[in-house]
Amino acid sequence: MNGHATGVTVGMRLFDVIEAQRVPFSSACGGRGNCHLCRVQITSGLSHLSPPTLLEKTVLGNVSLAEGWRLACQTEVQGEVAVTVPTPRRKQRPLAKPMPQ
Ligand code: FES
């Protein structure tokens with residue numbers, strides 16, 4: 001997300017901030033914490049967010065959290081932050097090709 005988001009209040013979920021700005025990003029569960037697709041990277045202001053939830057610790061791990069990755073639907077804004085929102089994939093690739101028979 002580039003630019004300055006307006007209308008953001010302390011305690012808003014980052015998910016809702018990004019949606020309000022109409023920035024395309026990945027989500028398949030509507031912000032309920034089930035899909036784990038709403039990964040965003042905080043480029044500054046990491047200390048201005050709610051602490052990582054147990055779900056984020058489990059899904060992202062310590063390395064990704066240390067690199068600033070968060071699940072937007074699990075993260076509350078408590079101050080000024082800068083966020084990089086990955087471009088959503090248009091099409092999911094299969095994890096493996098079917099075996100020839
Ligand atoms: S939107 Fe699905 S886990 Fe965050």
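In which sense do strand 1 and strand 3 pair, and over how many bridges? In this predicted model, strand 1 (residues 39–44) pairs with strand 3 in the antiparallel sense, over three bridges, and within that pairing Ile 42 has Val 83 of strand 3 as its bridge partner.

The wider arrangement is an open sheet of three strands in the order 2-1-3, with antiparallel pairing. Because strand 2 and strand 3 stand at the edges with a single partner strand each, one side of each is left without a neighbour in the sheet. Neighbouring strands are turned against each other by 45 degrees on average, with direction ignored.

The largest nonpolar core has 13 residues, and those with the most contacts inside it are Leu 14, Phe 15, Cys 38 and Ala 72. Helix 1 and strand 1 each supply at least two residues of this core, the largest share, four residues, coming from helix 1. Leu 14 touches, among others, Val 40, Ala 72 and Val 83, when residues up to four places away in sequence are not counted.

Helix 2 departs from a straight course: its end C-alpha atoms are only 15 Å apart, short of the 18 Å that a straight helix of its 13 residues would reach at 1.5 Å a residue. A bend of about 95 degrees is found in helix 2 at Leu 60, and the helix is followed by Gly 68, whose phi is positive, near 95 degrees.

The elements whose residue ranges matter here are as follows.

| Element | Residues |
|---|---|
| Helix 1 | 14–20 |
| Strand 1 | 39–44 |
| Helix 2 | 54–66 |
| Strand 2 | 69–71 |
| Strand 3 | 82–84 |

Definitions and conventions: Residues are numbered from 1 along each chain as its sequence is written. This is a predicted model: local features need pLDDT of at least 70, side-chain atom pairs count only at pLDDT 80 or more; totals for chains, interfaces and linings use all residues. The expected span of a helix is 1.5 Å times one less than its number of residues. The bend at a residue is the angle between axes fitted to the seven residues ending there and the seven starting there. Two strands pair if DSSP finds at least two bridges between them. Axes are lines fitted to C-alpha atoms, for helices over the stretch in contact, and angles run from 0 to 180 degrees between N-to-C directions. A nonpolar core is a set of buried Ala, Val, Leu, Ile, Met, Phe, Trp, Tyr and Cys residues joined through C-beta atoms within 7 Å. A residue is buried if 20 or more other C-beta atoms lie within 10 Å of its own, exposed if 12 or fewer, and partly exposed in between; C-beta atoms are placed from the backbone. Two residues are in contact if their C-beta atoms, placed from the backbone, lie within 7 Å.
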